[in-house]
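These are my notebook entries on a single chain, kept in the order in which I looked things up. I begin with one side chain and work outward from there.

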Amino acid sequence: MKLNLDKQESEFLNNSISHWEKEHLIDGDIAQKLRGSYEVKGFDWMRLAKYSFWIALLCGAIAVGSLIIDDRIINWLKNLYYTPDFVISIASAIIAAVLFYFGRRWEHKYPEKVFSNEAVIFTGVLFTASCIAFLGKTFDNGSGNFPLLFLLSVFVYGFLAWRMDSRMIWLFALVSLGSWFGTETGYQTRWSDYFLGLNYPLRFVLFSIVLVSSCYILKKQKWFARFWELTYVIGLLYLFMSLWLLSIFGNAGDIDKWWHIRQISFFYWGIIAGVVAIGFLLFGLKTKDVIAREFGITFLIIFIYTKYFEYFWDNTNKTVFFGILGLSFWLIGRKAERIWNFKSRPEHVQST
């Protein structure tokens, strides 16, 4: 059975085999056998399967929404409205448990059906959220302390992710953790603009630092190995998104006040964000940390172009503005192309 590769992988392997043959590391017969052991795939069926399942879920949601519009369904929902919240919570929990059970079972029985199994587990996650939400309504005493539901979600999703060894459920645990932090700090200040003098983006900078630091502390833990990369990526995403918002809004807590502040006043936040991006870029290059390097270069470009739009949009002729913008991207593209071509050469691969 031949190995099925995409065009780029096939070209890389061809170049590598040619280099080995040229350097007399392998003879012509072995080189020919290696070239005949793989083929270029004609269509990315895995990507089609992935998108098809997501579209199926979206269509299912639309179908449910369309069904709700029906008068008979609306009348039925009115009767359902009087169903006790605790009953709905228990029903959601049972449905979620059934979906998790079959999703886990099918993962072992049909491991090749990656996306259909994930779709089942994803539906179970949604019913778990429904269970927690209606459980909160059951015990609601009017305090409005709904951040506790997000905190409960963190533990529920975290346990399910660990028990089922599911990174997708772990992603929901991380999202719930961020949601809990944001709402809890808002609740503690009665939804004022600042918490300990920090607006929301600045709070999440501190939150992300703790999350990324925890990744390195727990990196050697065996149970955390499967979730380390995802947690690291989400932590950096929290960090750089917060820094990007800080470069625009600074520590302003109210949008009305922000409108009356000159954008140049937030220039130093942009410098801080750029320095952090450069720091992660250099750290990634030095330690061969691909994730840190990619986040650093990507958000450094985003920070630069954000400032470009902020400072030159209103005061520059649009022809000149977009001309400079297009030229800069063209130069970046040329540089990236040269780096890509250099790294794809067999002699470079051999030296590394």
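**Entry 1, Phe-127.** I started at Phe-127, which is found in helix H6, and I kept in mind that the model is a predicted one. I asked whether Phe-127 is buried, exposed or partly exposed. Its relative accessible area is 29%, so Phe-127 is partly exposed, given that the partly exposed class lies between 20% and 50%. I then looked up its partners, and, with residues up to four places away in sequence not counted, Phe-127 touches Ser-92, Ile-95, Ala-96 and Leu-99. For one of these, Ser-92, I noted the separation from Phe-127: 35 residues in sequence, but 5.3 Å in space from C-alpha to C-alpha.

**Entry 2, the chain as a whole.** Before going further I took the overall figures. The chain has 352 residues, of which 31% count as buried, and its secondary structure comes to 15 helices and 2 strands. I recorded an accessible surface of about 23,100 Å², with 67% of that area belonging to carbon and sulfur atoms. For the contacts between residues at least 6 apart in sequence, I found that 63% join residues at least 24 apart.

**Entry 3, the largest nonpolar core.** I next asked which residues of the largest nonpolar core touch the most other members. The core has 48 residues, and the ones I wrote down are Phe-100, Ile-169, Tyr-232, Leu-236, Phe-240 and Leu-243. Two or more residues of this core are given by each of helix H5 (85-109), helix H6 (114-138), helix H7 (147-164), H8, helix H9 (200-217), H10, helix H12 (267-287) and helix H13 (290-312). H10 provides the largest share, 11 residues. As a general note to myself, nonpolar side chains in soluble globular proteins tend to be buried together.

I followed Leu-243 a little further: setting aside neighbours within four places in sequence, I listed Val-205, Ala-273, Val-276 and Phe-303 as its contacts.

**Entry 4, Ala-277.** I turned to Ala-277, which lies in helix H12. With a relative accessibility of 0%, Ala-277 counts as buried, because the cut-off for that class is under 20%. Its contacts, apart from neighbours within four places in sequence, are Phe-240, Gly-296, Leu-300 and Phe-303. From Ala-277 to Phe-240 I noted 37 residues along the sequence and 8.0 Å between the C-alpha atoms.

**Entry 5, H8 against H10.** Two packed helices are described by the angle between their axes and the distance between the axes, and I looked up both values for this pair. Helix H8 (residues 167-188) and helix H10 (residues 225-249) pack at an angle of about 35°, and their axes are 10 Å apart. The crossing of H8 past H10 is right-handed. On the H8 side the contact is made by Arg-167, Trp-170, Leu-171, Leu-174, Val-175 and Gly-178, and on the H10 side by Arg-226, Phe-227, Leu-230, Thr-231, Ile-234 and Tyr-238. Sorted by class, I have 8 nonpolar, 2 polar and 2 charged residues in this contact.

I singled out Thr-231, whose place is in helix H10, and asked whether it is buried or exposed. Thr-231 is buried, since its relative accessible area is 3% and the class takes in values under 20%. Not counting residues up to four places away in sequence, Thr-231 touches Trp-170, Leu-174, Leu-211, Cys-215 and Phe-224.

**Entry 6, two positive phi angles.** Most residues other than glycine have a negative phi, so I checked for departures from that pattern. Leu-196, which is not a glycine, has a positive phi of about 55°; Leu-196 lies in the loop between H8 and H9, and its relative accessibility of 75% makes it exposed. Lys-288, also not a glycine, has a positive phi of about 60°. I placed Lys-288 in the loop between H12 and H13, where its relative accessibility of 71% likewise counts as exposed.

**Entry 7, Ser-18.** My last look-up was Ser-18, in helix H1 (residues 7-22). Ser-18 counts as partly exposed, because its relative accessibility is 36%. Its C-alpha atom is separated by 9.6 Å from that of Gly-28, which is 10 residues away along the chain.

Methods: Residues numbered from 1 in each chain as written. Predicted model: local features only at pLDDT ≥ 70, side-chain atom pairs only at ≥ 80, totals over all residues. Heavy atoms only, no water. Axes fitted to C-alpha atoms, helices over the stretch in contact; angles between N-to-C directions. Left-handed = near helix turned anticlockwise from the far one by under 90°. Contact = heavy atoms within 4.5 Å. Nonpolar A, V, L, I, M, F, W, Y, C, P; charged D, E, K, R; others polar. Buried < 20%, exposed > 50% of the residue type's maximum accessible area, 1.4 Å probe, protein only. Areas by Shrake-Rupley, 256 points an atom, 1.4 Å probe, with all protein chains shown as cover. Core = buried A, V, L, I, M, F, W, Y, C linked by side-chain atoms within 4.5 Å.
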